[in-house]
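Trainee: Could we go through this one together before I get back to the bench? I'd like to begin with the open spaces.
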Amino acid sequence: MHTVKNPKNAVFSCDYRSGKIRVSAEPSLYFDTATQTLEIDQNPAGERSLVPVTHAGFSDDFRTMQLEAVYRGEPESFEVTSTYDSDQVMHRLTHRLLQGGHALPPDAHDVIEVNLQQGAITLLNVIRSVDGKVEKSIRITRKDGQLFLVIPSPWQRVELLSAGVDGQRIVCRSPDGEIDYELATAPFVAETLSELLEAGLPD
């Protein structure tokens, strides 16, 4: 059995172009919204090589996730246990997705990525891409416990007091006022993003 305790790195992403939602980095897991299947990447350091997860189980508190798959040609089992609230959020999301019925609507044009280290968010990046053209974006980073909003053009970095999600809006508060970003994604994705920001950002 492969065991992971308190994963150092975690990733949540949602890309409407592929229809895949990434729900874990250790091990690397994707949920395919087209086939409604959970997949594990056999080659996380290189080109993706995805195979189906044949069984997934969760503890009552979603602190522990157990998986089975034919991994690199052999039956393998995995157990991930974490005390980080952000991992609990993603385990709960994985369980929810496996219940079925969660698809990305045709107007979900935001490509979303959240990176975490030891349960804390280091990056939130949202890019609205329509027909290969970037229409708008928002990027939030955290360094030494401080949040920053990065504006690409003209480039500037704005110190933030807080960031969260209100319904379908990312709401950033700076000393100079409030900056909003209206999300174009599925409600369950916005809800997950809200929970991750609450769990993974400093108070």
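Trainee: Which strands each supply at least two residues of the lining of the largest pocket?
Mentor: Keeping in mind that this is a predicted model, the strands that each supply at least two lining residues are S2 (9-15), S3, S9 (110-117) and S10 (120-130).

Trainee: And which one gives the most to that lining?
Mentor: That is S2, which contributes four residues to the lining of the largest pocket.

Trainee: How many residues line the largest pocket altogether, and which lie nearest its centre?
Mentor: The lining consists of 17 residues, and those nearest the centre are Ser13, Asp15, Val111, Ile112 and Glu113. By class, the lining divides into seven nonpolar, four polar and six charged residues, and the volume of this pocket is about 240 Å³.

Trainee: What about closed spaces, how many cavities of 30 Å³ or more does the structure hold?
Mentor: The structure holds one cavity of that size, and the volume of the largest cavity is about 70 Å³. Its lining is supplied with at least two residues each by S2, S3 and helix H1 (85-98), and among the lining residues are Asn9, Ala10, Val23, Ser24, Asp87 and His91.

Trainee: What classes of residue are in the lining of the largest cavity?
Mentor: There are six nonpolar, three polar and two charged residues in the lining of the largest cavity, and Glu26 is one of the residues found there.

Trainee: Changing topic to Arg22, is that residue buried or exposed?
Mentor: Arg22 counts as buried because its relative accessibility is 17%, and the cut-off for buried is under 20%. Arg22 sits in strand S3, which covers residues 20-25.

Trainee: So what is Arg22 in contact with, leaving aside neighbours within four places in sequence?
Mentor: Arg22 is in contact with Val11, Phe12 and Ser13, and also with Ser28, Leu29 and Tyr30. In addition, the side chain of Arg22 reaches the backbone oxygen of Ser24 at 3.3 Å, while the C-alpha atoms of Arg22 and Ala10, twelve residues apart in sequence, lie 9.6 Å apart in space.

Trainee: Which residues does a cis peptide bond join?
Mentor: The cis peptide bond joins Glu26 and Pro27, with an omega of about -5°, and Pro27 is in the loop between S3 and strand S4 (28-32). Most peptide bonds are trans, and most residues other than glycine have a negative phi.

Trainee: On the phi side, what stands out at Phe62?
Mentor: Phe62 has a positive phi of about 60°, although it is not a glycine, and it is found in the loop between strand S6 (50-58) and strand S7 (64-71). Arg72 also is not a glycine and has a positive phi, of about 55°, in the loop between S7 and strand S8 (74-81).

Trainee: Are those two buried or exposed?
Mentor: Phe62 is buried, with a relative accessible area of 16%, whereas Arg72 is exposed, with a relative accessible area of 54%.

Trainee: Last one, what does the chain look like as a whole, and how many helices and strands are there?
Mentor: The protein chain has two helices and 16 strands, and its C-alpha atoms fill a box of roughly 55 × 35 × 30 Å along the principal axes. The radius of gyration is 17 Å, which agrees with the value near 17 Å that a compact globule of 203 residues would have. Buried residues make up 48% of the 203 residues.

Definitions and conventions:
Residues are numbered from 1 along each chain as its sequence is written. This is a predicted model: local features need pLDDT of at least 70, side-chain atom pairs count only at pLDDT 80 or more; totals for chains, interfaces and linings use all residues. Side-chain values use heavy atoms; hydrogens and water are left out. Buried means under 20% relative accessible area, exposed over 50%, partly exposed in between (1.4 Å probe, protein chains only). Contact means heavy atoms within 4.5 Å. A polar contact is a pair of N or O atoms within 3.5 Å; within protein, one must be able to donate a hydrogen and the other to accept it, and residues adjacent in sequence count only if both atoms are side-chain atoms. On a 1 Å grid over the protein atoms alone, a cavity is a set of points where a 1.4 Å probe fits but cannot get out, and a pocket is an open set with protein on both sides within 12 Å along at least five of seven lines; lining residues have an atom within 4 Å of a point. Grid points are joined across faces, edges and corners, and a volume is the space filled by probe spheres set on the points. Ala, Val, Leu, Ile, Met, Phe, Trp, Tyr, Cys and Pro count as nonpolar, Asp, Glu, Lys and Arg as charged, and the others, Gly among them, as polar. The radius of gyration is taken over C-alpha atoms; the globule rule is 2.2 Å times the number of residues to the power 0.38.
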